Amino acid sequence: MKNLVYTGKTKNVYALDNGNYELKFKDDCTGKDGVFDPGENSVGLTIEGVGKVNLEMSVYFFELIKKAGIKTHYVSADMDNVTMEVLPAKPFGKGLEVICRKKAVGSFYRRYNQYIEEGADLPNYVEMTFKNDALGDPLVTADGLNVLGVMSLKQYDAVKEMTQKITDIVDAEMQKRGMALYDIKFEFGYVGDEVFLIDEIASGNMRVYKDGQYVDPMELSRLFFA
């Protein structure tokens, strides 16, 4: 028995009888005008089969991250039904996205192009935005999160450190396959005082390049598991 508790852009969330949750992966991707963009705040296109490959990649990385000693909400996955069972970690606020950037592209470059060249290296730069389509996913600082009661400064430091470590794990796997990670977005939650990585780690949440050319989500998944 399961009950729908949340309908998201790329996944639906169900409550299970055992107290955990089930994520049902969809074939929808964020973007604009039919072009995929992990930095956009609305669904821009549907790609058949992307939900399953996103789940496959998520499971792959969750297992790697677990071995690295980083806590995640991942419990198990059902590839046939394109679902993942997860622990009931609480999200921060009403939804918070954490972006780690290794290159100045996308929305980062659009905001700061007076100060940096497109494609310039960034030192695992971490930024956080509230998930709010109407407001365009506004950026928020560590002090802002603390003042608003969304996240303590200690939790912020933990999330930032985990984000940078996970980004390096993902990037290392891409480098092994001749690709480069430019940016990636995560979501975190908490159980008691402990911070957990939640949501997914999939091609639809990252921007990856090969030989200087952007790799779309389905092609990225194909190359990753080739």
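This report walks through a helix pair and a set of paired strands in a predicted model.

## How H1 meets H4

Let's start with the helices. Two packed helices are described by the angle between their axes and the distance between the axes. Here the pair is H1, covering residues 50-67, and H4, covering residues 153-176. Their axes come within 11 Å and cross at roughly 120°. That angle makes H1 oblique to H4, because the roughly perpendicular range is 65 to 115 degrees and the roughly antiparallel one is over 145. As for handedness, the crossing of H1 past H4 is right-handed.

Which residues make the contact? On the H1 side they are Tyr60, Phe61, Leu64 and Ile65, and H4 brings Ile166, Ile169, Val170, Glu173 and Met174. Sorted by class, that H1–H4 contact comes out as 8 nonpolar residues, 1 charged and no polar ones.

## A look at Leu64

Leu64 is worth picking out on your screen. It sits in helix H1, and it is one of the residues that H1 puts into the contact with H4. Setting aside neighbours within four places in sequence, Leu64 touches Ile169 and Glu173.

Is Leu64 buried, exposed or partly exposed? Its relative accessibility is 24%, so Leu64 counts as partly exposed; the cut-off for buried is under 20%, and exposed means over 50%. If you want a yardstick across the chain, try Ala180: Leu64 and Ala180 are 116 residues apart in sequence, with 18 Å between their C-alpha atoms.

## E10 and its two partners

Now for the strands. E10 spans residues 96-103 and is mostly covered, with 7 of its 8 residues buried. What does E10 pair with? One partner is E11 (residues 121-130), which runs antiparallel to E10 and is joined to it by 7 bridges. Another is E13 (residues 180-191), also antiparallel to E10, over 4 bridges.

You can follow the pairing residue by residue. Ile99 stands opposite Glu127 of E11. Val98 has a bridge partner in E11, namely Met128, and Val98 also stands opposite Phe186 in E13. In a regular strand the side chains alternate between the two faces of the sheet.

## On to E12

E11 has a further link, to the strand E12 at residues 139-140. Those two strands run antiparallel and are joined by 2 bridges. Met128 turns up again here: its bridge partner in E12 is Val140. To trace the path on the structure, go from Phe186 to Val98, then from Val98 to Met128, and finish at Val140.

Notes
Residues are numbered from 1 along each chain as its sequence is written. This is a predicted model: local features need pLDDT of at least 70, side-chain atom pairs count only at pLDDT 80 or more; totals for chains, interfaces and linings use all residues. Side-chain values use heavy atoms; hydrogens and water are left out. Axes are lines fitted to C-alpha atoms, for helices over the stretch in contact, and angles run from 0 to 180 degrees between N-to-C directions. Angles under 35 degrees count as roughly parallel, over 145 as roughly antiparallel, 65 to 115 as roughly perpendicular and the rest as oblique. A crossing is left-handed if the near helix is turned anticlockwise from the far one by less than a right angle, and right-handed if clockwise. Contact means heavy atoms within 4.5 Å. Ala, Val, Leu, Ile, Met, Phe, Trp, Tyr, Cys and Pro count as nonpolar, Asp, Glu, Lys and Arg as charged, and the others, Gly among them, as polar. Buried means under 20% relative accessible area, exposed over 50%, partly exposed in between (1.4 Å probe, protein chains only). Two strands pair if DSSP finds at least two bridges between them.
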